[in-house]
Amino acid sequence: MRIVIFGPNGMIGSRIVTELSARGHEVVGVSRSTGIDITDPAQVAAAAQGAGAVVCAISARSGDFTL
């Protein structure tokens with residue numbers, strides 16, 4: 001299954017990526033370094049398009065993520 005994970009580089013996100021990959025899933029990481037603005041609903045929707053599942057592992061402590 002293709003799984004998109006927002007926040008793949010943090011402590012929790014990196015462990016989720018490792019586990020999903022070990023289980024044979026195609027994991028697509030989305031972060032600031034990929035140029036996706038998570039406060040932009042259109043960019044989030046585009047990044048998640050075609051995924052069988054989406055995981056959000058973004059820390060809420062580092063900003064205001066209200067949409």
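Accessible areas here come from the Shrake-Rupley method with a 1.4 Å probe. By that method the protein chain exposes about 4500 Å², and carbon and sulfur atoms supply 55% of it. The model is predicted.

**Whole chain**

Start with the protein chain in cartoon view. It has 2 helices and 3 strands, and from the N terminus on the elements run β-α-β-α-β. Colour by relative accessibility next: of the 67 residues, 19% count as buried. Then turn on contacts. Among those in the protein chain with a separation of 6 or more, 61% are between residues 24 or more positions apart.

**Helix α1 and its end**

Select residues 11-22, which make up helix α1. How far apart are its end C-alpha atoms? They are 17 Å apart; at 1.5 Å a residue, the 12 residues should span 16 Å, so the model agrees with the expected value. Move on to Gly24, just after α1, where the backbone takes a positive phi of about 90°.

**Ile16**

Go back into helix α1 and select Ile16. Is Ile16 buried or partly exposed? Its relative accessibility is 24%, so Ile16 counts as partly exposed; the cut-off for buried is under 20%. Show its surroundings: leaving aside residues up to four places away in sequence, Ile16 touches Ile5, Val55 and Ala57. Of these, Ile5 falls within strand β1 (residues 2-6), and Val55 within β3 (53-56). For a distance to draw, take the C-alpha atoms of Ile16 and Val27: the two residues are 11 apart along the chain, and the atoms are separated by 9.6 Å.

**The salt bridges**

The structure holds 2 salt bridges. For one of them, select Arg2 and Glu26, where the closest N and O atoms are 3.9 Å apart. Arg2 lies in strand β1 and Glu26 in strand β2 (residues 26-30), so this pair ties together parts that are 24 residues apart in sequence. Both ends are partly exposed, Arg2 at 26% relative accessibility and Glu26 at 46%.

For the other, select Glu19 and Arg23, whose side chains meet at 2.6 Å, N to O. Glu19 is a residue of helix α1 (residues 11-22). What is the accessibility of each partner? Glu19 counts as partly exposed at 40% relative accessibility, whereas Arg23 is exposed, with a relative accessible area of 62%.

**Ser31**

Now select Ser31, in the loop between β2 and α2 (41-48). Ser31 is buried, because its relative accessible area of 15% is under the 20% limit. Add the side chain of Asn9: the side chain of Ser31 makes a polar contact with it at 3.5 Å. With residues up to four places away in sequence not counted, Ser31 touches Pro8, Asn9 and Ile36. Asn9 thus appears both as the polar partner and in the list of touching residues.

**Ser59**

Finish with Ser59, in the segment after β3 (53-56). Ser59 counts as partly exposed, at 30% relative accessibility. Draw a line from its C-alpha atom to that of Ile12: the two residues are 47 apart along the chain, and the atoms are separated by 9.1 Å. Ile12 belongs to helix α1 (residues 11-22).

Notes: Residues numbered from 1 in each chain as written. Predicted model: local features only at pLDDT ≥ 70, side-chain atom pairs only at ≥ 80, totals over all residues. Heavy atoms only, no water. Helix = DSSP H or I, 4+ residues; strand = E, 2+ residues; numbered from the N terminus. Expected span 1.5 Å × (residues − 1). Buried < 20%, exposed > 50% of the residue type's maximum accessible area, 1.4 Å probe, protein only. Contact = heavy atoms within 4.5 Å. Salt bridge = Lys/Arg side-chain N within 4 Å of Asp/Glu carboxyl O. Polar contact = N/O pair within 3.5 Å; in protein donor to acceptor, adjacent residues only side chain to side chain.
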